[in-house]
Amino acid sequence: MAKTLVAYFSAGGVTKRTAEKLAEAAGADLFEIIPEVPYTAADLDWRDKSSRTTVEMQDKNSRPAFIKNELNPSEYDLIFLGYPVWWYTAPHIINSFLEAYDFSGKKIVLFATSGGSAFGKVTDDLKVSVPESTQIIEGALLNGNPSVEALKKFVSEF
Ligand SMILES: Cc1cc2nc3c(=O)[nH]c(=O)nc-3n(C[C@H](O)[C@H](O)[C@H](O)COP(=O)(O)O)c2cc1C
C-alpha cells in the first residue's frame, strides 16, 4: 500500500493542529520538525528588526538546527510538508529539514498556514535544498482550521 508522510514545523501550534488532522485524513505517518533551540515569543517578533526570526529570514543561507529524529524518506511515496509562512516564504528550518535527509525522486506537496498572505515564491526557495529529481509542488494554504473531511479532499488531489 502507498505510504504517506506528513512532516511539519510549527512555532505556535496552528500548523501543528492542521498537520495532525491532515495525517488523519491521509492515513499518514507524522514527523514534527523540532528546533534544537525552541523559538521564544521574543524570537517570533517579526516587528523587531533584531529578533532571531528576522535575522534568520534575512539570511538566505541560515539553516536553523532541528532534532534529527530517525526518518527514512525512501519508505514514502508521497510527502506533505507544512510550515507557517514567515516573511512570505517558508522558515529556513524547512531548508534544514530538506537538506538533512535524502528526498531524491520524491514528490513533496507543500501546505502552509499564514496570517493572510499567499504562498509567495516558496518553491524556488526550497528547490535549492533538494536534488533535481525531487518534485516540489505548491499544495495549498490551509488556513481556518479545515476539517478532516476538507483535508481528505485536498489529499485526494495528489
Ligand atoms: C516571524 C514570523 C513571520 C511571519 N510572516 C508572515 C507573512 O509573511 N505573512 C503572513 O501572512 N503571516 C506571517 N506570519 C504569521 C504566521 O504565518 C501565522 O500566524 C501561522 O499560522 C503561524 O503558524 P504556527 O502557529 O504553526 O507557527 C509570520 C509569523 C512569524 C512568527
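**Sheet, core and ligand shell**

Val6 stands opposite Phe80, a residue of β3. This pairing belongs to a predicted model. β1 and β3 are joined by five bridges and run in the parallel sense.

These two strands are part of a wider sheet. The sheet is open and consists of five strands, ordered β2-β1-β3-β4-β5. Its pairing is parallel. β2 (29–32) and β5 (135–141) stand at the edges. Each has a single partner strand, so one side of each is left without a neighbour in the sheet. From one strand to the next, the twist averages 25°.

Val6 and Phe80 also appear in the largest nonpolar core, which holds 36 residues. Together with Ala7, Leu22, Ala26 and Ile94, they touch the most other members. Two or more residues of this core come from each of β1 (4–8), α1 (14–26), β3 (78–84), α3 (92–100), β4 (107–113) and α5 (148–156). In soluble globular proteins, nonpolar side chains tend to be buried together. Ile94 gives a local view of the packing. Leaving aside residues up to four places away in sequence, Ile94 touches Phe9, Leu81, Tyr83 and Leu126.

The ligand is surrounded by 20 residues. Among these, Gly12, Val14, Thr15, Pro84 and Gly115 come nearest. The helix α1, which also supplies the core, gives the most to this shell, with three residues. By class, the shell has nine nonpolar residues and 10 polar ones. One charged residue completes the set.

Note on methods: Residues are numbered from 1 along each chain as its sequence is written. This is a predicted model: local features need pLDDT of at least 70, side-chain atom pairs count only at pLDDT 80 or more; totals for chains, interfaces and linings use all residues. A nonpolar core is a set of buried Ala, Val, Leu, Ile, Met, Phe, Trp, Tyr and Cys residues joined through C-beta atoms within 7 Å. A residue is buried if 20 or more other C-beta atoms lie within 10 Å of its own, exposed if 12 or fewer, and partly exposed in between; C-beta atoms are placed from the backbone. Helices (H or I, at least four residues) and strands (E, at least two) are DSSP runs, numbered from the N terminus. Two residues are in contact if their C-beta atoms, placed from the backbone, lie within 7 Å. A residue is near a molecule or strand if its C-beta atom, placed from the backbone, lies within 6 Å of it. Ala, Val, Leu, Ile, Met, Phe, Trp, Tyr, Cys and Pro count as nonpolar, Asp, Glu, Lys and Arg as charged, and the others, Gly among them, as polar. Two strands pair if DSSP finds at least two bridges between them. Axes are lines fitted to C-alpha atoms, for helices over the stretch in contact, and angles run from 0 to 180 degrees between N-to-C directions.
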